[in-house]
Amino acid sequence: MSRHPRLWLGATLWLATLPAQANWAVNMSPGATEVSRSVFDLHMTIFWICVVIGVVVFGAMFWSMLMHRRSQGQQPAQFHEHTWVEILWTIVPFVILVLMAVPATRTLIDIYDNSESDLDIQITGYQWKWHYKYLGQDVEFFSNLATPRTQIDNQAPKDEHYLLEVDNPLVVPVGAKVRFLVTAADVIHSWWVPALAVKKDAIPGFVNEAWTRIEQPGIYRGQCTELCGKDHGFMPVVVEAKSAEDYAAWLAERKAVALAEKELTGKEWTFDELMARGEQAYQTNCAACHQPTGEGMPPVFPALKGSAIATGPKEGHLAIVLNGKPGTAMAAFGKQLSEVDLAAIITFERNAWGNKVGDLVTPQDIAAFKQAQE
Amino acid sequence: MSAVIDSHGHAHGPARGLMRWVLTTNHKDIGTMYLVFSFAMFLFGGSMAMVIRAELFQPGLQIVQPEFFNQMTTMHGLVMVFGAVMPAFVGLANWMIPLMIGAPDMALPRMNNFSFWLLPAAFGLLASTLFMEGGGPNFGWTFYAPLSTTYAPESVTFFIFAVHLMGISSIMGAINVIATVLNLRAPGLTLMQMPLFVWTWLITAFLLIAVMPVLAGVVTMMLMDIHFGTSFFSAAGGGDPVLFQHVFWFFGHPEVYIMILPAFGAVSAIIPTFSRKPLFGYTSMVYATGAIAFLSFIVWAHHMFTVGIPLTGELFFMYATMLIAVPTGVKVFNWASTMWRGSLSFEAPMLFAVAFVILFTIGGFSGLMLAIAPADFQYHDTYFVVAHFHYVLVPGAIFGIFASAYYWLPKWTGHMYDETLAKLHFWLSFVGMNLAFFPMHFVGLAGMPRRIPDYNLMFANFNMVSSIGAFLFGATQLLFLFIVIKCVRGGPVAAAKPWDGAHGLEWTVPSPAPYHTFQTPPEVDERSRLH
């Protein structure tokens, strides 16, 4: 233990806070919107109906089990049907169901009212990250898992939001009706935030609609809920609701960042700068499949270390990263990443883990390649 | 025909050696093989559940990596559904239906042999994928496209052929049950006199014939997409990934009733026996089973409330699903009324049967909750669903199978099983199973998605409880193996009718049931009480 004092300290601290953590969570939360509260009410209503029926039926069974035993010399009755009782216990449950269906229908109609939104956001599921695009705002970004690998591999203590934290959360204004246009780029994903009671499947080639109106500023966390491959458990959803002013400020900042990012394409990059940026971008976008070591997981995810493409001519390497490989998990990153990141990643891949091509791919090369394709 | 009828008065025993089992056309031998095979698959699928629960014992990745975890969840589901539960019920049908209706054998004995021997081939093929490059199926037992087509490991083709073999086997088994029940009943035995186990199996067989070809269709469409350039499930080529789900669940929803209706039938025999009182509402039981079977065809999209079906579709499937509660309720009320003012005793079959009624009903309650579409948006694809279907399948289907096994073991082996050990098996299974699956309701409601190898700390404690329960439940099943072996090898001699409250033709033949029974049909008249 003395060799890892910080780890030990972290574990002790974590243990000390155990009672404070909601490790025994037992129920759905009422959530943060009107819809989520009516869903919660439906959930509790049907739950209590079930409890009452259960108490009556199981009560009768336990009464029989305790009082009508052969060991107590009980003589069995011989009745075996009773028309009125049978009709009654067909009709009564039916009536209960009709009564339950009424509020459920009302809530469902409300959930399906996607009209008159104040803000439209396109959500695209990728293996294994989310992409958010603010329609008409020129703001878009990816949202990746932010939990460090060391926590997943138990080399560091896990923090409170373990696996439910991202680098770029989806930011929305409170009080506004936000409409989500949900789709996917590869397999089916499902975008879920429990506090908003929004769960919508992201289906490649189709667009689903959902909406929410958050009342209080805060951070709301969820996860992908449709099995989407290896890292299905590692693509959380984080929504940050901000006041109208804070949201406007965030949006302006985001636009400025996007602009600065675009200008980077024109900058003169050195080999070392590209390698540094490339390593980072590689970890975020490529390492899940091709692994931090570049060794991949053959045969599904091929190795890049010493691969023919990563050590061959530039054009082939650009083509596969930008256009992907149809019929495999290799996505077309040309539209996903900035020219700088593409250039940095490709430069990194050609010169890391013992790959020693020595050349450097600049953002201008990427732009030229894209132009040639069009 | 009369020339081949054996009329020289002595019973023919089984052939000797291995070939007895390979070539047998005897319904008892084939029933035994089905039951042994299904128990082997139960342990195989169960050991994969142990891997899953070991990984989920604590947050963080400890034992397996996500890609192998996904293979475990997928194979666990496939093996349990197609390898353990379904063959177990076919085994029970083979053994018991001819004995219950006074038939000398199944109507199509050679096909019976073939349909069994397809199963080891199918599961050998399926299990071999685990050792292939790229691993076995990793897309969940529901194998949604395009994860199971474009993005699947190469072994998916073997998976498709394995599913085809299982489907052919099931369809042949179903045809055999229908032909037997409709043609080979003892003279005078009317349909409405049949034991409920025969009734529920007859209805199950029709469900099988209706939906197994649909399953074969959907995997064939996958095969075409993967190898022959079609685009059934790819939007890029004009197809639709959601089409896959519609076709799959048109098979999948009746499939869940295929796995539970025969258990309903067995429990409807066991509860009256140990209550020493006739089954309450026999006629309504038959009609309720028929109603459930019919409704099972028009509710499939309740598995797909979040895929974006239109509001009217959503409402239709919500209402239709809620309706299933009515006939299911009738059944539960009938079982409870059968026990009411009976003279109850609690031998192992009764313990499992009573636990079946209570715990299956809990699974039914969570099913009713899941039917409420707006609430389903919160439950869908979380551990709440995992809790729900394990409550209907483990204490439902599997407790139904255990109850049947203990109930009929004396008839099969000629010995009484060890009642003390059997009760221990029940209580350990009962505690383990509830410990494993009840907390899953909590973590699901609190927001834990299913099919994930790692989770946030707020789910940690209940997951640990679940894992402990699962280990207990898993280990306990070895006790069942021991009890059965002990019973086969010896034990107190069983009478022809070892349960004083039992009714039915199967108790009129000696225990163990001779190799050939009812070569002369038994006498059945209007007043005979067979259930």
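Guide: Two strands pair if DSSP finds at least two bridges between them, and both helices (H or I, at least four residues) and strands (E, at least two) are DSSP runs, numbered from the N terminus. This model is predicted, so local features need pLDDT of at least 70 and side-chain atom pairs count only at pLDDT 80 or more, while totals for chains, interfaces and linings use all residues. Residues are numbered from 1 along each chain as its sequence is written, with chains lettered from A and ligands numbered from 1 in the order in which they are written.

Visitor: How do you know that strand β1 of chain A is joined to strand β2 of chain A?

Guide: Count the bridges: 6 of them join β1(A), residues 119-126, to β2(A), residues 129-134. At least two are needed, so these strands pair. They run antiparallel. One bridge partner in β2(A) is Lys133(A), for Gln122(A), and another is Tyr134(A), for Ile121(A). A hairpin of 2 residues links β1(A) to β2(A).

Visitor: Which residues are joined by a cis peptide bond, with omega about 0°?

Guide: Gln127(A) and Trp128(A). Trp128(A) sits in the loop between β1 and β2 of chain A. Most residues other than glycine have a negative phi, and most peptide bonds are trans. Chain B offers a cis bond too, between Ser511(B) and Pro512(B), with omega about -10°; Pro512(B) lies in the segment after α16 (460-489) of chain B.

Visitor: Where is Gln291(A) found, and what is its phi near?

Guide: Gln291(A) is in the loop between α7 (287-290) and α8 (308-311) of chain A. Its phi is near 70°, a positive value in a residue other than glycine.

Visitor: What joins β1(A) to strand β5 of chain A, and do they run parallel or antiparallel?

Guide: There are 7 bridges between β1(A) and β5(A), residues 178-184, and the two run parallel. Gln122(A) has Leu181(A) as its bridge partner in β5(A).

Visitor: What makes β3 and β8 of chain A edge strands?

Guide: Each pairs on one side only: β3 (139-143) and β8 (208-212) of chain A. They belong to an open sheet of 5 strands in the order β3-β2-β1-β5-β8 (chain A), with mixed pairing. From one strand to the next, the twist averages 25°.

Visitor: Which strands of chain A form an open sheet with β9 and β10?

Guide: The order is β4-β10-β9-β6-β7 (chain A), again with mixed pairing. Its edge strands are β4 (170-173) and β7 of chain A. Inside the sheet, 2 bridges join β6 (189-193) to β9 (218-224) of chain A, which run antiparallel. That meets the minimum of two, so they count as paired. Trp192(A) has Gln223(A) as its bridge partner in β9(A). Helix α5 (244-264) of chain A packs on the sheet, touching β4 and β10 (236-242) of chain A, and its direction makes about 135° with that of β4(A).

Visitor: Why is α2(B) called roughly parallel to α4(B)?

Guide: The axes of α2 (27-55) and α4 (109-128) of chain B come within 10 Å and cross at roughly 15°. (Axes are lines fitted to C-alpha atoms, for helices over the stretch in contact, and angles run from 0 to 180 degrees between N-to-C directions.) Under 35 degrees counts as roughly parallel, over 145 as roughly antiparallel, 65 to 115 as roughly perpendicular and the rest as oblique, so α2(B) is roughly parallel to α4(B). Residues in contact have C-beta atoms, placed from the backbone, within 7 Å; here they include Phe37(B) of α2(B) and Phe116(B) of α4(B).

Visitor: Why are α8(B) and α12(B) oblique to each other?

Guide: The axes of α8 (261-275) and α12 (348-371) of chain B come within 9 Å and cross at roughly 125°. That value falls in none of the other classes, so these helices are oblique. Ala263(B), Val267(B), Ile270(B), Ile271(B) and Phe274(B) of α8(B) meet Pro349(B), Met350(B), Ala353(B), Phe356(B) and Val357(B) of α12(B). By class, this contact has 10 nonpolar, no polar and no charged residues. (Ala, Val, Leu, Ile, Met, Phe, Trp, Tyr, Cys and Pro count as nonpolar, Asp, Glu, Lys and Arg as charged, and the others, Gly among them, as polar.)

Visitor: How do you know that the span of helix α15 of chain B agrees with its 27 residues?

Guide: The expected span is 1.5 Å times one less than the number of residues. For α15(B), residues 419-445, that gives 39 Å, and the end C-alpha atoms are 39 Å apart, so the two agree. Just after α15(B), Gly447(B) takes a positive phi of about 115°.

Visitor: How many residues does each chain give to the contact?

Guide: Chain A gives 81 residues and chain B gives 84. On the side of chain A, the elements giving two or more residues are α2 (34-67), α3 (83-111) and β7 (198-202). That side divides into 43 nonpolar, 25 polar and 13 charged residues.

Note on methods
Contact = placed C-beta atoms within 7 Å.
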